[in-house]
Amino acid sequence: MKDGAKPILALQQWINDHRDEMVQDLSDYISQETPSDDKNLLIKGLDWTERWLGLRLGTPAARRLVDGGEHGDTVVLDYPSPTLGAAPWATALCHYDTVWEAGTLAEWPVSVDGDSLTGPGAFDMKAGLVQLVWALKACDALGAPRPHVRLVLNGDEELGSPSSRPVIEEEARRGAAVLVFEASADGALKTARKGVGIFRVEAQGEAVHAGLDPESGASAIDEISRVVLKLHGASDLAAGTSINVGILHGGTRTNVKADKAVAHVDVRVSSDEEARRVDRVFATLRAENPLAAIAFSGGWNRPVMQRTEKTAAMFARAAEVASALNLDLKEASVGGASDGNFAAALGLPVLDGLGAVGAGAHARNEWISITGMLQRAALAAGLLTRLTE
Ligand SMILES: [Zn+2]
């Protein structure tokens, strides 16, 4: 065994000794329903979460609450290192909202079957916060050095973080590194994520009787059909760009030329260059019939998260910690975006996917591995220690 492995294994042992409390914490946390679109439940859920954090980590050195308006509030909590005065700051991102509507728990309560635990929001991403909390506790209980940690808890991530984005950017900028406890990709950390654009294209036609007057008017459906083909044709999978018209509406009756048709579009890109190319595709959409018109709205929700050298270096440290824990840690580039995208766009090193091992984000059977939860908490604790070097 390498000398460096000993303190990491001690952290792991301490975490393993607290397995039952971690499982209980996660079960209790999931039992607080926090749908992204239910402000009252979000307030209740955040209140519970802060009280639980107080129990586990003590009173934070600083607390800032940012009103989310109609969306969930964001709270920023500081947990300075008790051992290192001059430690760097790391920003940890955890969202407490889930995609599950109120009442889901009644039909789908938390349950444990062997090594797997299931419940709404278990994988995305309630287990992630539990892992971070116990990683911090392990470091502090054993006197292991760690950075000062600034925890950002937001309640609108599943909506694209409309109100928390500026808070995330501001807090991320104040730190040296960003750790995102979103779920892993089959155990792999996420060092690159695609950028996501959400667009809406509207075709305006002119309604006339399609049978009596076929030569006049303009069909919005005719126009939007060409738009759909043009957009799908602009996908470039080799370059990492996919464009999908996922919803299409238009027309009123079979015998009327449609005066309106709307396409809703999801775009994913792997580079800023591709984002600009896609922008140009939208900007040059034109109606073919002079009586019709095409307009688009929307834009980029999350910028591309590139695998920078700084991020790669932080992954290398995590991989060393993993090997001390006898884990084979991989990294992945994924199509889904997270709040890590915002931080990465600021040029900060970002390690994402530090959260749960399991599967089924946004799916009715999402689950996490309890062994995985313990291992990842140990990984996070070891990584925190390494980040002070
Ligand atoms: Zn998530």
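**Reading helices in a predicted model**

Modeller: In helix α6 (residues 165-173), the buried residues (under 20% relative accessible area, 1.4 Å probe, protein chains only) are Val-167, Ile-168, Glu-169, Glu-171 and Ala-172. The model is predicted: local features need pLDDT of at least 70, side-chain atom pairs pLDDT 80 or more, while totals for chains, interfaces and linings use all residues. Numbering starts from 1 along each chain, and side-chain values use heavy atoms, without hydrogens and water.

Colleague: What covers the buried residues of α6?

Modeller: The cover includes β1 (62-66), β2 (74-79), β3 (89-95), β6 (148-154), β7 (177-180) and α10 (340-345). Helices (H or I, at least four residues) and strands (E, at least two) are DSSP runs, numbered from the N terminus.

Colleague: How are two packed helices described?

Modeller: By the angle between their axes and the distance between the axes. Here, the axes of α3 (residues 39-57) and α5 (residues 122-141) come within 10 Å and cross at roughly 25 degrees. Axes are lines fitted to C-alpha atoms, for helices over the stretch in contact; angles run from 0 to 180 degrees between N-to-C directions. So α3 and α5 are roughly parallel (under 35 degrees).

Colleague: Which residues of α3 and α5 make the contact?

Modeller: From α3, Thr-49, Trp-52, Leu-53, Arg-56 and Leu-57. From α5, Leu-129, Val-130, Val-133, Trp-134, Leu-136 and Lys-137. Contact means heavy atoms within 4.5 Å.

Colleague: Gln-131 lies in α5 too. Is Gln-131 buried or exposed?

Modeller: Buried, with a relative accessible area of 0%. A polar atom of the Gln-131 side chain lies 3.3 Å from the backbone oxygen of Leu-354.

Definitions and conventions
Angles under 35 degrees count as roughly parallel, over 145 as roughly antiparallel, 65 to 115 as roughly perpendicular and the rest as oblique. Buried means under 20% relative accessible area, exposed over 50%, partly exposed in between (1.4 Å probe, protein chains only). A polar contact is a pair of N or O atoms within 3.5 Å; within protein, one must be able to donate a hydrogen and the other to accept it, and residues adjacent in sequence count only if both atoms are side-chain atoms.
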